[in-house]
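Biologist: Before we use any labels for this protein, I would like to hear how each of them is justified. Could you show the structure so that we can go through them one at a time?

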Amino acid sequence: MATILDGKALSKDLKIALADKVKESGLSPKLAVVFDPKNDGSRLYVGMKQRAAAKVGIATEDIAVADDVTTEAVLKIVADLNADPSVTGILVQAPLPEAVNDQQVFSAIAPEKDVDGLGAFNQGMLFGDQPGEYAVAATPQGVMTMLKHYDIDPYGKKAVVVGRSQLFGRPMAALLNNANATVTLAHRYTPREMLLDSLKDADIVVVGVGIANFITGDQIKDGAVLVDVGMNVVDGKTTGDIEFVSAEKKASFITPVPGGVGPMTIATLLENTFAAALNQEKNQ
Ligand SMILES: Nc1nc(=O)c2c([nH]1)NC[C@@H]1CN(c3ccc(C(=O)N[C@@H](CCC(=O)O)C(=O)O)cc3)C=[N+]21
């Protein structure tokens, strides 16, 4: 029987501690969120972020973009937010409408306001494991915080990351690599047999591909740590990418969905937003 990695409980504690820090700082952090209101997921997560931010004393400004918005128009929005001293953090919720090049937009965010760490500068800092203060994407950073909280040290471990998105897999692999795990980064073109082979002796498995039951208990090593970044709706119920019942019997630790990585993502985004506001104050 596995220990549950309780992201919901941990995120609550983190947000309570953060609210105190925001209060003590006397700062007024403000997070601008650029999003596509026609995307159901985006609307849902933006609402969750808004409420969580308000609770810790972080103001938000939501900027909905039109269906037919162009990359140029979004770049202009970002430029204005970069120049606005009242805005201390900028989050561009992916995906924006089809015509928009999300990565180009991420990289246009001033690095000190890029609280999701998705721009080229902050990604480069992470990739190079550079010293200094910079934001790392909230989902993988939240996973690292959760591992640390449960005393799971990636040092010397074999980690398999499944999924190589900008938001999750790429930064996740970099973080685990920086934490001295030996990392395999699998993705949609990894042959099935190759993936199953990697999973067999993986100590840590982190998966985010958006396919329910993608990983099952029989595929993993006894005592593995399983982190589920997937979000799928099956028969009206939110489930992850890991078949929980079979996996939980073999794992030493496992995240539930919901209540695992999701709440950690939000708490981490808020922590990054406060850290950015502090840095901007320091560097003034
Ligand atoms: N630039 C950018 N950064 C993101 O971090 C980002 C993004 N774009 N685009 C969309 C995804 C999705 N995302 C989630 C955040 C919280 C939950 C969350 O808290 N979920 C809850 C509730 C789930 C439910 O019941 O529906 C849970 O897992 O317990 C889920 C998903 C952040 N994303």
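Biologist: Which element gives the largest share of the shell around the ligand?

Modeller: This is a predicted model, and in it the largest share of that shell, four residues, comes from α10. Of the 20 residues around the ligand, Ala 94, Thr 238, Pro 258, Gly 262 and Thr 265 come nearest. The elements that give two or more residues to the shell are α2 (40–56), β4 (89–92), α6 (138–149) and α10 (261–282).

Biologist: What makes a residue count as part of the shell around the ligand?

Modeller: The test is that the C-beta atom of the residue, placed from the backbone, lies within 6 Å of the molecule. By class, the residues in this shell are twelve nonpolar, seven polar and one charged.

Biologist: Which domains supply the shell around the ligand?

Modeller: The protein is divided into domain 1 (25–111) and domain 2 (138–261), and the shell draws at least three residues from each of them. The centres of domain 1 and domain 2, taken over C-alpha atoms, are separated by 28 Å.

Biologist: Which residues are covered by the UniProt annotation "binding site"?

Modeller: That annotation, which comes from an unreviewed entry, covers Gly 163, Arg 164 and Ser 165. Gly 163 is found in the loop between β5 (158–162) and α7 (169–178), and Arg 164 is found in the loop between β5 and α7 as well.

Biologist: Why does Gly 163 count as buried or exposed, whichever it is?

Modeller: Gly 163 has 24 C-beta neighbours inside 10 Å, and a residue is buried if 20 or more other C-beta atoms lie within 10 Å of its own, so Gly 163 counts as buried. Leaving out residues up to four places away in sequence, Gly 163 touches Phe 168, Gly 169, His 187, Val 207, Gly 208 and Val 209.

Biologist: How do you know which label Arg 164 should have, buried, exposed or partly exposed?

Modeller: The limits are 20 or more other C-beta atoms for buried and 12 or fewer for exposed, with partly exposed in between. Arg 164 has 18 other C-beta atoms within 10 Å, so the label is partly exposed. If neighbours within four places in sequence are set aside, Arg 164 is in contact with Gly 169, Arg 170, Leu 185 and His 187.

Biologist: Why is α7 called mostly covered?

Modeller: Eight of the ten residues of α7 are buried, and among them are Gly 169 and Arg 170. The buried residues of α7 pack against α5, α6, β5, β6 (182–186) and β7 (204–207). After α7 comes Asn 180, whose phi is positive, near 70°.

Biologist: What makes Asp 114 buried or exposed?

Modeller: Asp 114 has 28 other C-beta atoms within 10 Å, and because the limit for buried is 20 or more, Asp 114 is buried. Asp 114 lies in the loop between α4 (102–108) and α5 (120–127). Not counting residues up to four places away in sequence, Asp 114 touches Ile 90, Ile 109, Gly 119, Asn 122 and Ala 135. The C-alpha atoms of Asp 114 and Arg 164, which are 50 residues apart along the chain, are separated by 20 Å.

Biologist: How do you know whether Ser 107 is buried, exposed or partly exposed?

Modeller: Ser 107 lies in helix α4, and with 18 C-beta neighbours inside 10 Å it falls in between the limits of 20 or more and 12 or fewer, so Ser 107 counts as partly exposed. Apart from residues up to four places away in sequence, Ser 107 touches Gly 119 and Ala 120.

Biologist: Why does the radius of gyration of the protein agree with that of a compact globule?

Modeller: With 284 residues, a compact globule would have a radius of gyration near 19 Å, and the protein has 19 Å, so the two agree. Along its principal axes the C-alpha trace spans about 50 × 45 × 40 Å, and buried residues make up 45% of the 284 residues. The secondary structure comes to ten helices and eleven strands. Among contacts between residues at least 6 apart in sequence, 69% join residues at least 24 apart.

Notes:
Residues numbered from 1 in each chain as written. Predicted model: local features only at pLDDT ≥ 70, side-chain atom pairs only at ≥ 80, totals over all residues. Nonpolar A, V, L, I, M, F, W, Y, C, P; charged D, E, K, R; others polar. Domains from an automatic or database assignment. UniProt positions renumbered as here; feature names shortened; annotations may be inferred. Contact = placed C-beta atoms within 7 Å. Rg over C-alpha atoms; globule rule 2.2 N^0.38 Å.
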